[in-house]
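Thanks for coming. I have a structure to show you, and I will walk through a few parts of it.

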Amino acid sequence: MTQRFIAFLFSLTIISCSSSKSNKDDKSFKKTSFKTADIEIYSGILNTKDSVFNVASSAIKVGNQILVTDTENNLIRKIEKNKISTYVGNGQKENREEQGILASLSNPENITIDSKKNIYVSVGYHQIYKIDNLANVTHFAGRRIRGTIDGERGEDGQKDKASFDFIKGMIIDSNDEIFVADGNTIRKIDKNGYVSTIAGSKQKGDKTGKASECLFNQISDIALNKEKELYIVDQVNMKIKKLSPDGFVSTFVPKGLINWPCSITVDSKGMVIAFDSNAKKIYVFDQKGILIKTIKNNLLTEQEYSFQVKIKVDDKDNIILPSKDLINIIEKNGQITQFGQKYGTCNNGAIKTATYNSPFDGVFDKQGNLFVIDRANNLIRKISRDGLVSTFCGNGKYGKTVEYEF
């Protein structure tokens, strides 16, 4: 995927990925105390003109702006200086190259950014569009018809050469080459615009070795480290595999250790962190695949998780794990801080009593306020540095949005 991300900053310490307790569950978790704060309505007050979202899916930070894919409204929204506006799209469920609100995107979902601050967004699961710094929208890669055809991504009117089957995520490396998790394959778009299948095939299977000959069965997530090694969650095979820059696929985590791996991320030290959504357990591996630490606690196992749940780390390497109702932050000392209330829906106010409905993604502003996509509530929620949860925008209703400054 792209990389869909969720990050939190509440003066949390860095998680220890060098524990000597190898292959043992860490049971020394404590639930931290909660701060209290008065309720503050930042936006979303009933009977006021406001923004309305329809399945917000992903968010990224671009300078001082936060861009959000408003998937079912077929829009890219912008949050800047407390103003919510439409950045790209006219709401029509079609793909049309134009600038800003004159363009249209069909169900934009995964979103990522390169070093030049160009935006790439997947639409309809098998096409990628590019948005430059002036909000010009152009087709970047993929056909309207699904497939796994390699070749030039297309230009000068010939845009239907390479094709994608089912885009699960996108990652851009330091050289602005794009890696795409596509069905049972890993695709790469190089700087010259050539799309190639670098690992896997349409055939399902379980095989390592040369990347061109290896097989996967349901790739659910990918992560990239600083050495450009790509970690691949081979879900049905119950493995994590690693694609090295030399084109060799090896088993990083063998079958039998993780029952149902669903999500993966890499922290700043290169530690690989995976989540087992069946056992509701977190695994931390070093770069050689040695299990350093496992995390399992009643606070985590009592929760329900989306099959699309994505585990992430913040800028201090604290582990972030969203569930259906709660947001869990696991700190260095093993403490778990939870935001929300189980079986809650959408209550603002103090962290202890605030509730969510399938929190999905989030991003920080410069002041350390966190903006969270509360997907099932069709809202953007705000968590301030002092522990206040409020509705930033949206009124919870389905529908198209209108620009409104507040």
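I will take two sheets, then a hairpin, then a core, and finish with one aspartate. Keep in mind that this is a predicted model.

Start with the sheet that has the strand order β10-β14-β13-β12-β11. It is an open sheet of 5 strands, and the pairing is antiparallel. Which strands stand at the edges? They are β10, residues 151-152, and β11, residues 167-172. Each has a single partner strand, so one side of each is left without a neighbour in the sheet. For β11, a partner is β12, residues 178-182, and 5 bridges join the two. To find your place there, look at I167, which stands opposite D182 in β12.

Now the other sheet. Here 5 strands again form an open, antiparallel sheet, in the order β15-β19-β18-β17-β16. The edge strands are β15, at 209-210, and β16, at 219-224, and each of them pairs on one side only. β15 runs antiparallel to β19, residues 248-253, and 2 bridges join them. One pair to look for is G209 with its bridge partner V249 in β19.

Next, the hairpin. β6 and β7 form it, with 5 residues between them. In the turn, K117 has a positive phi of about 65°. The two strands, β6 at 108-113 and β7 at 119-123, are antiparallel and share 4 bridges. I113 has I119 of β7 as its bridge partner. Is β6 mostly covered or mostly open? Mostly covered: 5 of its 6 residues are buried.

On to the core. How many residues does the largest nonpolar core have? It has 17, and among those with the most contacts inside it are I273, F275, I282 and L300. The elements that each supply at least two residues to this core include β21 (272-276), β22, α1 (298-301) and β25 (319-322).

Last, the aspartate, D286. Where is it? D286 is in the loop between β22, residues 281-285, and β23, residues 291-295. D286 is buried, yet it has no salt bridge. The nearest side chain of opposite charge is K288, 6.6 Å away; the cut-off for a salt bridge is 4 Å. What D286 does have is a polar side-chain atom 2.9 Å from the backbone nitrogen of I290. Leaving out residues up to four places away in sequence, D286 touches F252, M271 and I292. F252 takes us back to the second sheet, since β19 covers residues 248-253.

That is what I have for today.

Conventions:
Residues are numbered from 1 along each chain as its sequence is written. This is a predicted model: local features need pLDDT of at least 70, side-chain atom pairs count only at pLDDT 80 or more; totals for chains, interfaces and linings use all residues. Side-chain values use heavy atoms; hydrogens and water are left out. Buried means under 20% relative accessible area, exposed over 50%, partly exposed in between (1.4 Å probe, protein chains only). Lys and Arg count as positive and Asp and Glu as negative; His and the chain ends are not counted. A polar contact is a pair of N or O atoms within 3.5 Å; within protein, one must be able to donate a hydrogen and the other to accept it, and residues adjacent in sequence count only if both atoms are side-chain atoms. Contact means heavy atoms within 4.5 Å. Two strands pair if DSSP finds at least two bridges between them. A nonpolar core is a set of buried Ala, Val, Leu, Ile, Met, Phe, Trp, Tyr and Cys residues joined through side-chain atoms within 4.5 Å.
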